[in-house]
Amino acid sequence: MAKSVYVHIPFCKSKCLYCGFFSKPPAQFDTQKLLNAEIEELKNSSFAKPVKTLYIGGGSPASVGSVALCGFLSEITKLTGQPEEFTVEINPADVNELFLRKLFEISVNRISIGVQSFNEDELVFLGRRYTPAQVEQTIKTCKKIGFQNISIDLIFAVPGSNLNTWHQDLLRAVRNDVQHISAYSLTYETNTPLEKIKSLGKIKIVNEELDRLMYERAIWLLGQEGFQQYEISNFAKPGFECRHNLTYWQNDFYIGIGPAACGYIEGLRTENINDIEKYIEQEDKAGEKTEIMPVEKACQTAVLGLRLIRGIDITEYKQKTGFDIFELFKNSIDKNLKLNLLQLNENRLSLTQQALPMADSVLSDFAEPD
Amino acid sequence: MNIENIRNFCIIAHIDHGKSTLADRLLLMTGTVSQREFKEQMLDSMDIERERGITVKASAVTMNYSRDGKDYMLNLIDTPGHVDFHYEVSRSMTACEGAILVVDATQGVEAQTLANAYLAVDCGLEIIPVINKIDLPAAQADVVGEEIEHTLGINKNECFHISAKSGIGIDELLDAIVTLMPGPKPDNDPHLKALIFDSHFDDYRGVICYVRVFSGTLLPGQKIKMMGSARTYLISDLGKFTPSMKRTDSLGPGEVGYVIASIRNLSDVTIGDTITLVSDPAEKPLPGYKKPQQMVFSDFYPGNNTEYTQLRSAFEKLSLNDASFSFFPQNSPALGFGFRCGFLGMLHMEIIQERLERENDIEVVQTAPTVTYEILTTDNEVIRVDSPSQLPEPTKIEELREPIVKLEIITPKDGIGAIMQLAEQRRCVLLKTDYISVTRVMMVFRAPLAEIVYDFYDQLKGISKGYATMDYELLGFEAADLVRIEILINKDAVDALSLIVHRSNAESRGRKLLLKLRKAIPRHQFEIPLQAAIGGKIIARESIKAFRKDVTAKLYGGDVTRKMKVLKKQKEGKKRMKNIGSVQIPQKAFMSILDTSE
């Protein structure tokens, strides 16, 4: 039974250059209708109540309006029970103190802020609608209200950046005393304006070598500042790992609510329709289901689990998938151990430090049995 | 049919000079096929032949023709036009008494025209020279007539001027066939002797033998013996090609047709063999029989989505229809299990490769073609090897000999300079230059077969704007200063990439090959040194830089399915690559040694 719920609010006032998520401008839709439809979908879903984690993502959830969102969230928690970890994603441009206070009152206990950068030029380039000062103000307000678990997203390898600007960015993030940092290398997602600009050759892409140095800098600096890297792109103060996201990497079940949301329920991967109107109209909102066969499950468990720095516990893996990882991926494991890209310590198989920047080349070996 | 009223003949021509059109025109004019059935190039039945305008497998067709109240039986025996099939051509010609030599009025005499014409003369055929396409605006019948006179010693006034396409001059040509060509020479030997000049495999009836009867009569129910292989069979059916197979009661002296005798494998029948009766055998077979010799070799390995067993059954199927190529299991440390294949020549190899992929829907990885080398060992033994990896230790080699051919090139004279340059690069020695007309030249070279075995023809076509034609003939083996270049990838020698080259070219070939490999092999998680070596001495080196970053930054619940797909593709890609140590080498890397372009 799923113990985690993801709720997708597919609205955002403006689309950032790099954004590949499903989101639409809220002004063009009856947002309340959609929220109602999502409640309906949740009602028809089965999960273990109370859920352990609840994650409200987007889009920008606040873009439907603070009153509407808070009302919606109360409805949701009536159905899910009080989650142990309750995260809401926010865009600094869309929130104020009153709103944040309301979130706190309805028991949201983790705020995830899509900061992306503390550098003004980069924020402009990325299409973000706020200043670094606004970000810092938002963080300060959250703390004042009483939030003790604040996460921020940062993007590196933005065109025009260098090791120094990135170092400054990291320092500023650390000085704001947050508990969790996700640091992503800028991804040129397909069908984004960013990809188009890149293909036109109009921007200077950060080269592979610098990208790697920036990544390694993040690992080093955040480590110095007491953040533990627990996943390829995620860093947390002890005890502040994102439990909701761990669900994904441990390949546990979760429910996805809302247009374009994905779920993994009782061996089925689900994907909802990525059309807001059709989603609202649909009688059965649970989208397309794909059965995950045992071998496929074993592959997914390996690929996802190896993204965690602690890696995969061999015994747990066998219990979860029914397969011996050394039988399923014998050649791949041997090869990568030999290349010092994988390591085996105390019954755990994990990526080595040097494998992290090239994790996909290792993980792809686990995408199918040998 | 009275033997005097039979005419057995073939048409010889260069590619595209109109052989098939002429054959079709003859079929139409003699009423063998109706206008309705008339379709272009009836005689060529394979796709590839039609596309390339060449005839690979010979066919035969019987036509009835009446002149001055006399009925004639005309047997047109089609011949493969390319010199790779030299032996088959010679067997087909042996079945004839005459040959129509077709030369395109817009193109003139070409290398293959000459090669086949000489062969016809050797076989004692009466040659009727024909200048085709005279109705085209660019036709230069007089000039071409002079070329024929100059190169073949046939008076230009004896040439027939025709257009096979529009039917001009065909009546006169048919007349000439019955008046100028002799009928079959009567053979008073009472024993049955029939020459097998071709064969093909039919899924339902087994092997169909194409035969020309020299003496005696073939009848259904006869117990026959192949004199070369000593196998015996019972004739179940026989007849003529009209052009479809039509059963007849018998095949008498001078006649041409087919014999079916429940023969299962094409390899049981050898072209050039003589059929006789078990009960009353002929004393001696017809002359000229020999086993076809393979000169060009290449390894074929299963490619993407193809299994070894699939490849094997595809080869088995192909060999049903072509007994002149061979395939043996081969195991390469680099490429796994595959086959070493021998071919008559370059074109033959290309045809087999194309048929393999087209008719069987499989993909193959083909290694660079090599030729057969002769080695005199220090033990004074002479051995032949057809693959660089079979070469003995350098210390065991007393002398390494390579096959040498006589290469004839006919080109417009302004191509001489460029051809000389190409020839020089390929170690060819000019023997003579002959003006066959005011504007065109025949150049004769002594050339190492290895140097022309791949892409030489393409290059020749390129530098002559498509006008030059070539043909070659094996002269023998000769000692040469040859070395084996070994390629090391990440310090491991890769047998499938080694090649034998002349010492003078070794360094530049090695360097070029490494540059190609550097492009063909993807970056890995570590740097990969590439080296070319001769006998342990490094002659060139390159390296493939390691990639520095390859990681998906975000992977959350909504990304799993999509990301797994991408990773799966990557893994499939890796699986298709060949592992040499910890380096994964894509198939195209193995192809890069085929490519000598810059």
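Here are some worked exercises on a predicted model with chains A and B.

**Exercise 1. The hairpin in chain B**

Work out how strands E29(B) and E30(B) pair, and find the residue with a positive phi in their hairpin.

*Solution.* Start with the two strands: E29 covers residues 528–534 of chain B and E30 covers residues 537–544. Their pairing is antiparallel and runs over seven bridges. Next, pick out one pair across the strands: Gln531(B) has Arg541(B) of E30(B) opposite. Finally, look at the turn, where two residues lie between the strands. Here Gly535(B) adopts a positive phi near 50 degrees.

**Exercise 2. The cores**

Find the largest nonpolar core, and then follow the contacts of Ala99(B).

*Solution.* A helpful thought to begin with: nonpolar side chains in soluble globular proteins tend to be buried together. In this model the largest nonpolar core counts 164 residues, and Ala99(B), Leu101(B), Val130(B) and Val211(B) have the most contacts inside it. Strand E8 of chain B, residues 206–215, contributes the most to this core, with seven residues. Now take Ala99(B) and set aside residues up to four places away in sequence: Ala99(B) touches Phe9(B), Cys10(B), Ile12(B), Met93(B), Ala120(B), Leu125(B) and Ile127(B). There is also a second, separate core of 106 residues, with Ile111(A), Val158(A), Phe329(A) and Leu349(A) among them.

**Exercise 3. A glycine in a strand**

Decide whether Gly342(B) is buried or exposed, and list its contacts.

*Solution.* First, place the residue: Gly342(B) belongs to strand E17 of chain B, residues 336–343. Then apply the cut-off, under which a residue is buried if 20 or more other C-beta atoms lie within 10 Å of its own. Gly342(B) has 20 C-beta neighbours inside 10 Å and therefore counts as buried. Beyond its neighbours within four places in sequence, Gly342(B) contacts Gln294(B), Phe297(B), Phe325(B), Ser326(B) and Asp386(B). One of these, Gln294(B), is 48 residues away along the chain, yet the two C-alpha atoms are 5.4 Å apart.

**Exercise 4. A sheet in chain A**

Identify the edge strands of the open sheet E13-E15-E14 in chain A.

*Solution.* Read the order of the three strands, E13-E15-E14, with antiparallel pairing. E13 (312–313) and E14 (342–345) of chain A each have a single partner strand, so they stand at the edges with one side lacking a neighbour in the sheet. To check one pairing, note that E13(A) and E15(A), residues 348–351, share two bridges. Asp313(A) has Arg348(A) in E15(A) as its bridge partner.

Conventions:
Residues numbered from 1 in each chain as written. Chains lettered and ligands numbered in written order. Predicted model: local features only at pLDDT ≥ 70, side-chain atom pairs only at ≥ 80, totals over all residues. Pairing = 2+ DSSP bridges. Helix = DSSP H or I, 4+ residues; strand = E, 2+ residues; numbered from the N terminus. Core = buried A, V, L, I, M, F, W, Y, C linked by C-beta atoms within 7 Å. Buried ≥ 20, exposed ≤ 12 C-beta atoms within 10 Å, placed from the backbone. Contact = placed C-beta atoms within 7 Å.
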